[in-house]
Amino acid sequence: MVRKAMLIDESRCTACRGCQVACKQWNDLEGWGYSHTRNTGSYENPPQLSPQTWTRIKFNEYEGSDGFRWLFLKEGCMHCGDPACVHSCPTAALKQQPDGRVTVQPDLCNGCGYCTQFCPFHVPRLEVSSLLTGQAKVSKCNFCQDRTDNNLIPACVKTCPAQALFWGDRDKMLGAGQKRLENLRARGFQNANLYGENLVGGLGRLYVLIEKPEAYGLPADPKYPYLASLWQDIVHPLGKVAMGGSILAVLAAWLIIRRNIKMEEVE
Amino acid sequence: MNGQEQTTGHVFQIHWIPKYTFVERLLHWVHTLSFIPLVLTGLVLYLDFLKPLAQGEAGGWMRLVHRLAALLFIGEPIIYGVLQPRRLWMHFKEFSFDRDDIGWIKNAFGYYVLGRHGVMPPQGRFNTGEKLNGVAMILGWILFVITGVVLWLGKGVVSADLFRLMVLLHDLTMIAAVCMFIVHLYLAVAHPLMWAGLVSMRFGVVSASYAAEHHAKWYYGPKRAKELYEAKKKAVLTKG
């Protein structure tokens, strides 16, 4: 299946936060509650992603050669091509769809929270209902699975008045991003770059940035966590071999000793 | 075998001598009772055919049982240490190794797996295998507790890298512990030469003849045990 992607043109974003509202409205997320609005000395609101806030505009304050400016970043799940959250999920609640969307099936989630710890971008959030028992559910952007399954575009893309958001086949999104990059460079944005083409298996969320990723608070070189590979691809299979081997060894030992020892001779 | 049994008429008498105290046995069985549910509720996250038990509401129950059993698992040796610190210290001293242990390891395969009645170096109240098992269990307990507490309470508190490492170490410890448990269970309930172990763990006693044969250093004391061992070895050599 053709891989889908969202292209986010941060050079066009006006930080109207229409995407935040559309996301909450379509996905039935609370407007308040998890992260109470509070003054943090910034226009940013809410202060961070939460179980009830799957996307949000981050206001990066940037001091360039031409003075202060904001670098807006639409945060949310990156839908990695090589999703550590999916591989670390023991319940299969997190899935990578054939078209690359990384989705959550809440009724399968048991709230272990491994995904929140293995995500190289620290995106998934746990809605914890009991600290003592650990009762919880994970949630994150799923590219409006119910819409995109039915050939509709995600709610945030639909609503964006600045035409900064695009949805479609990943190849086309990459092409459009490159084109926009040329345009930006021609207009003097020398640091402009396309973020996510080859990162962590290729991101499903591509950014056109006008400054280096670090200026946006994005990791320049995010990596699939090697401990996840060690854990899932080496330790788990070897562990099964070791346990199965122990059972077989014990059975074999039992057969041998039963043949070699006559019970009457045992005191 | 060693003249410990006396036959009075047709009745075969066994002299039972105490081996484990009541509290020691209690510690053993509470440990078992917490370990088995911990393994079963943990394996649902590991073995694919148990996955349905890890999902959704069922997974929540598994975690609750895991955490309750974990409290027992963590608490039981600590309470033992508080109630009987001297006894706990004695165990640490019992878990010391010497040259007899090397001899035991050399002969263990032939003796326990092939059933060859060789002459084993004299052993204390715990033989080399039991001591190795004990040391591994103490290390495993420490690893389980540290990694488990971080997994329980450390999410979002410790760094993601540390949390990932703890997940990995918890699983590695579990794999080692389960392998050890399989062998331990076999020796306790199925191995024809080891029947005395289960009796001792249930009733706290061991037959004097078994103790003399298998735990000579404990039964006779180290000096006499050594003499008997040397004599036995000589007898076997001259016979052979």
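This report walks through a predicted model of two chains, A and B.

## Chain B at a glance

Chain B carries eleven helices and four strands. Along the principal axes, its C-alpha atoms fill a box of roughly 70 × 40 × 35 Å. Of the 240 residues in chain B, 22% are buried. If you take the contacts in chain B with a separation of 6 or more, 60% come from residues 24 or more positions apart.

## Where the chains meet

The contact between the chains draws on 39 residues from chain A and 35 residues from chain B. On the chain B side, four helices each supply at least two residues: α2 (51-54), α3 (56-83), α7 (160-189) and α9 (208-214). Which helix gives the most to that side? It's α7(B), with 14 residues.

As for chemistry, the side of chain B that touches chain A has 23 nonpolar residues, seven polar and five charged.

## A mixed sheet in chain A

Chain A has an open sheet of four strands, in the order β8-β1-β10-β9, with mixed pairing. β8 (165-169) and β9 (193-195) of chain A sit at the edges, each pairing on one side only. Ignoring direction, neighbouring strands in this sheet are turned by 20° against each other on average.

At one of those edges, β9(A) pairs with β10(A) (residues 205-209) in the antiparallel sense, over three bridges. If you want to find that pairing in the viewer, look for N193(A), whose bridge partner in β10(A) is L209(A). Helix α6 of chain A (residues 170-186) lies across β1 (4-9), β8, β9 and β10 of chain A, and runs at about 135° to β8(A).

## A hairpin in chain A

Strands β2 (residues 56-64) and β3 (residues 67-75) of chain A run antiparallel and are joined by nine bridges. The hairpin gets from β2(A) to β3(A) through two residues. One handy marker here is F59(A), which has F72(A) as its bridge partner in β3(A).

## Nonpolar cores

In soluble globular proteins, nonpolar side chains tend to be buried together. Here the largest nonpolar core has 65 residues, and M6(A), C85(A), C115(A), L165(A) and L206(A) have the most contacts inside it. Why does this core lie between two domains of chain A? Because domain 1 (1-223) and domain 2 (226-265) both give residues to it.

Zooming in on C115(A), and leaving aside its neighbours within four places in sequence, this residue is in contact with C85(A), S88(A), C89(A), L94(A), P124(A) and V138(A). There's also a second, separate core of eight residues, including Y210(B), A211(B), A216(B) and A225(B).

Note on methods: Residues numbered from 1 in each chain as written. Chains lettered and ligands numbered in written order. Predicted model: local features only at pLDDT ≥ 70, side-chain atom pairs only at ≥ 80, totals over all residues. Contact = placed C-beta atoms within 7 Å. Nonpolar A, V, L, I, M, F, W, Y, C, P; charged D, E, K, R; others polar. Pairing = 2+ DSSP bridges. Core = buried A, V, L, I, M, F, W, Y, C linked by C-beta atoms within 7 Å. Buried ≥ 20, exposed ≤ 12 C-beta atoms within 10 Å, placed from the backbone. Domains from an automatic or database assignment. Axes fitted to C-alpha atoms, helices over the stretch in contact; angles between N-to-C directions.
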